[in-house]
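User: Could you take me on a close look at the place where the ligands sit? I am new to this, so please go step by step.

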Amino acid sequence: MEVTGLTYAYPGAAGGRPVIEDLSFSVRPGEFVCVVGPSGCGKTTLLRLLAGLLRPDAGEIRVDGTVVNGPPEDLGFVFQDHARALLPWRTAAKNVEFGLEAAGVPRRLRGPMVQDVLRRVHLPDVERLYPGQMSGGMQQRLQIARALVARPSILLMDEPFAALDALTRFALEDGLLEVWHELAPTVLFVTHDLDEAIYLADRVVVLRRNPANVVREVPVALERPRDQGRSRAQDEFVRLRFELFETIRSL
Ligand SMILES: Nc1ncnc2c1ncn2[C@@H]1O[C@H](COP(=O)(O)OP(=O)(O)OP(=O)(O)O)[C@@H](O)[C@H]1O
Ligand SMILES: [Mg+2]
């Protein structure tokens with residue numbers, strides 16, 4: 001994924017001021033990149049542009065060399081607000097199947113694919129439950145399952161674990177890394193949490209605000225597979241956290 005000179009202003013913004021101006025970065029196939037930056041700097045806007053849900057005012061986004069003009073078929077999106085992202089009138093399995101319907105997968109192939117992805121996010125035996133009958137962490141897994149079920153080559157995730165308690169969050173981070181190791185999608189993951197960014201990423205991209213722009217890209221050289229206890233206790237982890245914290249504090 002190649003982003004060049006990306007500029008975007010919301011229609012009617014005061015003075016036509018862009019939220020994002022002349023932003024460039026690239027992500028290698030299969031890379032796990034985390035994006036951090038102050039609240040309101042334009043992270044969600046950036047993901048919407050990358051997903052083809054908003055059209056840039058200037059600059060371009062290329063995926064495998066092709067300019068993105070609308071929502072690419074081969075893309076999964078996990079939204080910031082899982083409660084609003086799921087369809088409350090469909091069961092868990094039917095919510096996941098929705099991702100396959102959208103991708104045009106024939107009906108007879110869908111069942112096994114739904115079962116497989118629910119197992120991967122550690123949500124077996126929930127086919128008959130409705131989202132309203134599930135805990136917040138379960139709903140978030142369900143949203144991730146729906147994003148993954150069509151095996152997208154690009155996965156965009158917008159603070160997917162922000163509202164969860166630490167233990168659920170650790171479990172979901174590890175579940176995501178497991179799926180990533182297995183299916184090897186390119187991941188762009190937005191988070192407020194510097195520790196989470198370091199734990200997950202191959203590289204952390206730091207954005208500043210007014211307008212959003214890349215101020216720093218920090219490679220994470222921690223070995224994989226990572227371990228919640230051991231990785232976070234390493235000197236390198238502590239050094240990276242300090243570096244990122246100082247960068248963000250200076251913005
Ligand atoms: N639909 C919209 N119309 C007009 N302005 C918007 C719209 N959505 C967001 N903005 C503005 O664009 C800026 C960036 O918003 P965005 O949601 O992308 O930030 P963010 O970095 O995702 O913030 P957070 O970390 O709080 O989720 C903010 O100033 C916000 O007020
Ligand atoms: Mg946001």
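Analyst: Here is a walk through the ligand site, followed by the aromatic rings and a few unusual spots in the backbone.

Before we start, please keep in mind that this is a predicted model.

Let's begin with the metal. The magnesium ion, ligand 2, is held by two atoms of the protein: OG1 of Thr44 and OE1 of Gln80, at 2.0 to 2.8 Å. These two residues come from distant parts of the chain, 36 residues apart. Thr44 belongs to helix H1 (residues 43-50), while Gln80 sits in the loop between strand S6 (75-78) and helix H2 (82-85). How covered are they? Thr44 has a relative accessible area of 24%, and since partly exposed covers the range between 20% and 50%, Thr44 falls in that class. Gln80 is also partly exposed, with a value of 40%.

Now to ligand 1. Thr44 and Gln80 appear again here, as both are among the residues around this ligand. The rest of the shell is Tyr10, Val19, Ser39, Gly40, Cys41, Gly42, Lys43, Thr45, Glu159 and His192. Sorted by character, the shell has three nonpolar, seven polar and two charged residues. Some of these neighbours make polar contacts with oxygen atoms of the ligand. A polar backbone atom of Cys41 is 3.2 Å from one oxygen atom of ligand 1. From the side chain of His192, a polar atom lies 3.3 Å from an oxygen atom of ligand 1. For Glu159, an N or O atom of the side chain is 3.4 Å from an oxygen atom of the ligand. How much of ligand 1 does the protein bury? On its own the ligand exposes 640 Å², and the protein buries 58% of that.

Tyr10, one of the shell residues, leads us to the aromatic rings. The structure holds five aromatic pairs. In one of them, the ring centres of Tyr8 and Tyr10 are 5.1 Å apart; their planes meet at 85°, and because an angle over 60 counts as edge-to-face, that is the name for this pair. The two partners differ in cover: Tyr8 is buried at 6% relative accessibility, whereas Tyr10 is partly exposed at 28%.

Another pair is Phe32 with Phe189, whose ring centres are 6.0 Å apart and whose planes make an angle of 45°, so this pair is tilted. Phe32 lies in strand S3 (residues 32-36) and Phe189 in strand S8 (residues 186-190), so the pair ties together parts 157 residues apart in sequence. Phe32 is buried, at 0% relative accessibility, and Phe189 is buried with a value of 0% as well. Together with Phe161 and Trp180, Phe32 and Phe189 form one aromatic cluster.

Finally, let's look at the backbone. Most residues other than glycine have a negative phi, and most peptide bonds are trans. With that in mind, Asn210 is worth a look: its phi is positive, about 55°, although it is not a glycine. The peptide bond from Asn210 to Pro211 is cis, with omega near -10°. Asn210 lies in the loop between S9 and S10 and counts as exposed, at 55% relative accessibility. A second cis bond runs from Arg224 to Pro225, with omega near -5°. Pro225 is placed in the loop between S10 and helix H8 (228-233). Arg151 is not a glycine either, yet it has a positive phi of about 50°.

Definitions and conventions. Residues numbered from 1 in each chain as written. Chains lettered and ligands numbered in written order. Predicted model: local features only at pLDDT ≥ 70, side-chain atom pairs only at ≥ 80, totals over all residues. Heavy atoms only, no water. Donors = N, O, S within 2.8 Å, 3.2 Å for Na, K, Ca; no water. Helix = DSSP H or I, 4+ residues; strand = E, 2+ residues; numbered from the N terminus. Buried < 20%, exposed > 50% of the residue type's maximum accessible area, 1.4 Å probe, protein only. Near = heavy atom within 4 Å. Polar contact = N/O pair within 3.5 Å; in protein donor to acceptor, adjacent residues only side chain to side chain. Areas by Shrake-Rupley, 256 points an atom, 1.4 Å probe, with all protein chains shown as cover. Nonpolar A, V, L, I, M, F, W, Y, C, P; charged D, E, K, R; others polar. Phe/Tyr/Trp six-rings, centres within 6.5 Å; stacked < 30°, edge-to-face > 60°.
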